[in-house]
Amino acid sequence: MQYAILCYHSEDVVGCWSKAEDDAVMARLAVVHERLAKAGRLGPVARLLPTTAATTVRNGREPLVLDGPFAETKEQLLGFYVVDFDTFEEAIAAAEELGRANPGGAYEVRPIGLYKPGGGAP
Amino acid sequence: MTDLAWIEAALTAARPQVVGALLRYFRDLDTAEDAFQDASLRALNNWPKNGPPRDPAAWLILVGRNAAIDATRRRAKQQALPDEAVLSDLGDAEAAIAERLDGADYRDDVLRLMFICCHPDLPPTQQIALALRIVAGLTVPQIARAFLVSEAAMEQRITRAKARVAGAGVPFEAPGAAERAERLGAVAAMLYLVFNEGYSAGAAEADRRRPLCDEAIRLARLLIRLFPSEPEIMGLTALMLLQHARSPARYDADGAIVLLDDQDRRLWSGRMIAEGLALIDKAIRHRLPGPYQVQAAIAALHARAARPEDTDWAEIDLLYGALERMQPSPVVTLNRAVAVSKVRGAEAALAMIEPLEGRLAGYFHFFGVKGAFLMRLGRAAEAREAFGRAIALAGSAEEAAHIRQHLDRLMAEGAGGGGR
């Protein structure tokens with residue numbers, strides 16, 4: 001089963017990390033990424049730009065283009081992974097491992113129903 | 001990241017909202033800051049034991065408010081402090097505050113806190129110092145280091161600024177729409193001052209002053225989150241990101257200035273550029289142009305050019321023309337002349353800036369640009385004179401050294417009798 005692991009964190013807090021702190025978190029995450037990749041479990045990974053750069057298109061009779069993220073919440077979606085595991089428990093374990101490398105916030109594990117890797121993306 | 005580092009980041013992140021709310025309660029900046037300090041100490045003690053609260057800002061406001069009320073009572077009646085356990089039991093009260101944190105009150109709290117740093121009586125250096133201290137939460141030693149002054153001098157500068165703000169009376173009523181827009185405009189200008197204080201530093205101070213740029217961008221992002229549909233705030237943030245993205249390429253290993261055309265563009269921060277471009281794209285959709293958006297659009301054209309020769313100078317010329325109409329200023333015209341020199345040649349550009357000499361007689365960049373135009377036209381003697389005046393007006397050793405390079409080249413060419 002493929003799972004999306006969605007990374008949530010308070011953007012205000014992450015924005016207060018110094019470059020050194022941010023680099024340290026990314027370096028710890030890179031170790032986890034490498035282990036998952038070596039095990040053949042890791043698909044695409046994305047870190048998103050801040051939600052201040054986001055625009056939301058809300059569907060209705062006329063689509064409405066709104067500034068900002070879809071939902072104003074305490075913690076924002078900052079990035080996501082696509083992973084592939086035989087069991088749900090393994091997916092949870094991967095999320096826990098990522099969480100140890102990047103404390104605070106939360107990782108949401110969500111099974112994927114349709115996956116098209118695409119070819120044109122960077 | 002350790003728990004402690006996480007808590008410190010959370011405290012810094014919550015600070016504008018918390019101090020802003022406490023300022024509304026107590027109507028006194030020192031009381032609000034002391035209360036925040038008190039709440040932060042309790043957080044450092046409490047959060048590692050009980051885990052971080054669901055909403056750190058709400059927790060800090062509640063604890064800070066209680067602490068300040070207690071302190072007032074204690075001073076009045078010498079009453080005992082309530083038990084720490086009582087204070088820590090915040091359950092429902094925190095949830096109630098958290099709900100209201102999304103409301104307009106809190107948005108205006110943060111804006112008010114930033115706005116009191118923009119008082120027109122405060123000279124720019126005091127506005128910047130005050131904003132770094134009370135909004136960004138930098139310590140006095142940190143700010144003193146950025147400004148290259150002693151801690152005592154900085155302490156005094158901040159104290160004086162605070163006294164002036166308190167004497168002027170803080171506007172506590174909720175602002176109307178027009179007033180809110182006015183405050184946003186003043187705050188945007190103040191944030192750009194903070195940014196430029198960091199950005200205009202020479203190579204020697206660049207590292208020490210980088211936090212000023214980072215803080216200005218962080219606070220601008222906060223403003224966007226609070227006021228998500230203000231195209232000028234998006235423009236300002238984009239402008240700062242696009243300029244800051246070039247920081248790693250602005251000085252060479254010896255600390256000499258590297259001009260835009262000569263910068264190694266691979267050193268530019270791709271992430272900051274991507275964010276800046278996204279913001280300017282968003283802003284332009286509003287079709288409410290303003291000076292920050294235009295300046296960001298100009299910076300975006302530089303950022304989008306993979307090589308200097310790919311730069312769309314004709315469009316930059318047009319954008320500077322738009323900026324001249326919005327904000328007529330000889331400095332804007334001077335910048336436009338650089339674009340004109342690329343599109344229509346140095347002759348046209350020189351004709352454009354010559355009338356500005358009276359008003360820009362004390363401006364380093366005027367003579368640097370004038371000298372460069374003259375040099376390109378082969379008028380070496382006049383170029384030398386312009387560069388000489390630029391060196392006399394240079395604001396930093398790097399600026400002077402940069403102009404001296406041009407002079408050396410002119411001398412070499414003069415001696416060799418030929419150009420390169």
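**Exercise 1.** Let's start with helix α1 of chain B, residues 3-26, in this predicted model. Find where α1(B) bends, and work out whether α1(B) is mostly covered or not.

*Solution.* Step 1: follow the helix to B:Arg15, where it bends by about 50 degrees. Step 2: look a little further along, and you'll meet a proline, B:Pro16, within four residues of the bend. Step 3: check the surroundings; 18 of the 24 residues in α1(B) are buried, and that makes the helix mostly covered. Step 4: step just past the end of α1(B), and you'll find B:Arg27 with a positive phi of about 55 degrees.

**Exercise 2.** Now try helices α15 (residues 313-326) and α16 (residues 330-344) of chain B: how do their axes cross?

*Solution.* Step 1: the two axes come within 8 Å and cross at roughly 160 degrees. Step 2: angles over 145 degrees count as roughly antiparallel, so that is how α15(B) and α16(B) run relative to each other. Step 3: their crossing is left-handed. Step 4: for the contact, α15(B) supplies residues including B:Trp313, B:Ile316 and B:Tyr320, while B:Val332, B:Arg336 and B:Val340 are among those from α16(B). Sorted by class, the contact has nine nonpolar, three polar and four charged residues.

**Exercise 3.** Do the same for α16(B) and helix α17 (residues 346-353) of chain B: which hand does their crossing have?

*Solution.* Step 1: these axes come within 7 Å, crossing at roughly 160 degrees. Step 2: α16(B) and α17(B) are therefore roughly antiparallel. Step 3: the crossing is right-handed. Step 4: residues of α16(B) including B:Leu334, B:Ala337 and B:Arg344 meet α17(B) residues, among them B:Ala349 and B:Met352. This contact counts eight nonpolar, two polar and one charged residues.

Notes:
Residues numbered from 1 in each chain as written. Chains lettered and ligands numbered in written order. Predicted model: local features only at pLDDT ≥ 70, side-chain atom pairs only at ≥ 80, totals over all residues. Bend = angle between axes of the 7 residues up to and from the residue. Helix = DSSP H or I, 4+ residues; strand = E, 2+ residues; numbered from the N terminus. Buried ≥ 20, exposed ≤ 12 C-beta atoms within 10 Å, placed from the backbone. Axes fitted to C-alpha atoms, helices over the stretch in contact; angles between N-to-C directions. Parallel < 35°, antiparallel > 145°, perpendicular 65-115°, else oblique. Left-handed = near helix turned anticlockwise from the far one by under 90°. Contact = placed C-beta atoms within 7 Å. Nonpolar A, V, L, I, M, F, W, Y, C, P; charged D, E, K, R; others polar.
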